[in-house]
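Colleague: Could we go through this model together? I'd like to hear how each label is earned.

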Amino acid sequence: MITRKRLAAGASALLAAVALGGFGPVGSAAAADEPAGDKPAPKVELVLDVSGSMRARDIDGDSRMAAAKQAFNEVLDATPEEVELGIRTLGANYPGEDRRTGCKDTAQLYPVGPLDRTEAKTAVATLRPTGWTPIGPALLKAADDLEGGDGTRRIVLISDGEDTCQPLDPCEVAREIAAKGIGLTIDTLGLVADAKTRAQLSCIADATGGTYTSVRHKDELTDRVGQLVDRAADPVVTPVAVEGAAQCASAPQLKPGLYTDREKFGEHRYYRVDVEPGKELRAAVSVAADRAVNRDYGVLLRAVTTHGREIVRGQGAGDGRTDVVSTGLRYPKPDTDSGTDSGSDSGSDSDEPQAETVCLQVSNSYSAPASVKTTPGLPVELTVDVVDGPDGSSDVAAFGLGRGWWLLGALVVVGFLAGVIWGWLSRWRVAVWRTN
């Protein structure tokens, strides 16, 4: 019995050694480190509502303030080294009833700059729900905190209620910030937000090209704030507004880039992209549920020919959480040996290889309660890229394996050899047993 186990262990070790060592690592080798350029450091300021309403205990059985502190601590631990981060509060210091004083209650808890995680966490731990909700004044101060430099600048506002310091409308404040042309984006998160709060926070985000997310759970808050902080380190890409068509024939022609649109509930929209032989189309779409929606919905992205034949599809689904649903697809266009593109629907007789017009169909299955406005449509973000295709026309995109076919073939061969060796050893073991 012990001998049999040792033989099995030896065969397993042989299989692992051949699979991992004999065929080398899968994918391309890591590139050599390149010297980092003198790029401006991205800057982010987290603006947190610390008003009295943050005492409410309706986020996973804990208070809104406790959920925010937990999220901040986890995000601070994961903040990229290159990001300069600061924290500003609103409603954290004045507990009184004087409106004029309460509407000035915004302070920088931690200055924007290189992050000392311990110091920042210590500052967050001191916060207690206190006063008013001066969102407009806080945004103005936050914009001043982020002045200077050419790097990405982003404000992440977390609040559970409307601004209480009208007539200084925070939507107008956001529009004024956008009008300065300083490239500052404001993203907003609503903690268990009601309809009026959602409308106001959505308006603030829309004014600067940011996003709004409704949050009801701790993990949602942590994930979303972390995503937004990480996004600040990404290269800045300004999306282009486009309007999809109801039919492929009248769809707008898109080049590689980032596009925004709005799509009605349950609508189909089409966009056209030209793909030359030997190129690969890559597309991704995100649809944001920026208002309350019914449970169980999905987003579909299809690449079809001009005659409606499906080429490839991608789909994503949700279950009622107000957030963003994304999906993507890849379509490699094989290079042609002959002059004409036999796979195209154009039927051209030219000797030059013809680009194929691919129609991207974006569909959603969202629905909303009767009390929710369905206009304007849901925000859509569409990314289109056309890159050089794989070395061989086989790509072997057939099962999405790409060059993974080599690994699959290697594993089949190794598995076969291991099976033969194991069978031979077993027969030899039985023969020895019978002889003895």
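Modeller: Let's start with the salt bridges: this predicted model has a count of 19 by the rule used here.

Colleague: What makes the contact between Asp-62 and Lys-218 a salt bridge?

Modeller: The rule asks for a side-chain nitrogen of Lys or Arg within 4 Å of a carboxyl oxygen of Asp or Glu. For Asp-62 and Lys-218 the N to O distance is 3.3 Å, so the pair meets the rule. Asp-62 sits in the loop between β1 and α2 while Lys-218 belongs to helix α8, so the bridge ties together parts 156 residues apart in sequence.

Colleague: Why is Lys-218 called buried, and what is Asp-62 called?

Modeller: Buried means under 20% relative accessible area, and exposed means over 50%. Lys-218 has 17%, so Lys-218 counts as buried. Asp-62 has 22%, which falls in between, so Asp-62 is partly exposed.

Colleague: How do you know that Arg-64 and Asp-160 form a salt bridge?

Modeller: The same reasoning works. Their closest N and O atoms are 2.7 Å apart, and the limit is 4 Å, so they qualify. This pair also links distant parts of the chain: Arg-64 is in helix α2, and Asp-160 is in the loop between β4 and α6, 96 residues apart. Both Arg-64 and Asp-160 are buried.

Colleague: What about Arg-269 and Glu-267?

Modeller: Their side chains meet at 3.3 Å, N to O, in a salt bridge, and both residues are buried. There is also a network of salt bridges that links Glu-45, Arg-88 and Asp-145.

Colleague: Which residues form the negative surface patch, and what makes Asp-60 fit for it?

Modeller: The patch is formed by Asp-60, Glu-74, Asp-219 and Asp-223. Patch residues need over 30% relative accessible area and no salt bridge. Asp-60 has 45%, so Asp-60 passes the area cut-off. Asp and Glu count as negative, so the patch is called negative. You'll find Asp-60 in the loop between β1 (43-49) and α2 (64-78).

Colleague: And inside, which residues have the most contacts in the largest nonpolar core?

Modeller: That core has 33 residues, and those with the most contacts inside it are Leu-46, Leu-48, Ile-158, Leu-189, Leu-221 and Val-229. Among the elements that give two or more residues to this core are β1, β4 (153-159), β5 (184-191) and α8 (218-232). The largest share, seven residues, comes from α2.

Notes
Residues are numbered from 1 along each chain as its sequence is written. This is a predicted model: local features need pLDDT of at least 70, side-chain atom pairs count only at pLDDT 80 or more; totals for chains, interfaces and linings use all residues. Side-chain values use heavy atoms; hydrogens and water are left out. Patches are made of residues with over 30% relative accessible area and no salt bridge: like charges are joined within 9 Å, nonpolar side chains (Val, Leu, Ile, Met, Phe, Trp, Tyr) within 5 Å. Accessible areas come from the Shrake-Rupley method with a 1.4 Å probe; for residues, only the protein chains shown count as cover. The place of a charge is taken as NZ of Lys, CZ of Arg, CG of Asp or CD of Glu. Helices (H or I, at least four residues) and strands (E, at least two) are DSSP runs, numbered from the N terminus. Buried means under 20% relative accessible area, exposed over 50%, partly exposed in between (1.4 Å probe, protein chains only). A nonpolar core is a set of buried Ala, Val, Leu, Ile, Met, Phe, Trp, Tyr and Cys residues joined through side-chain atoms within 4.5 Å.
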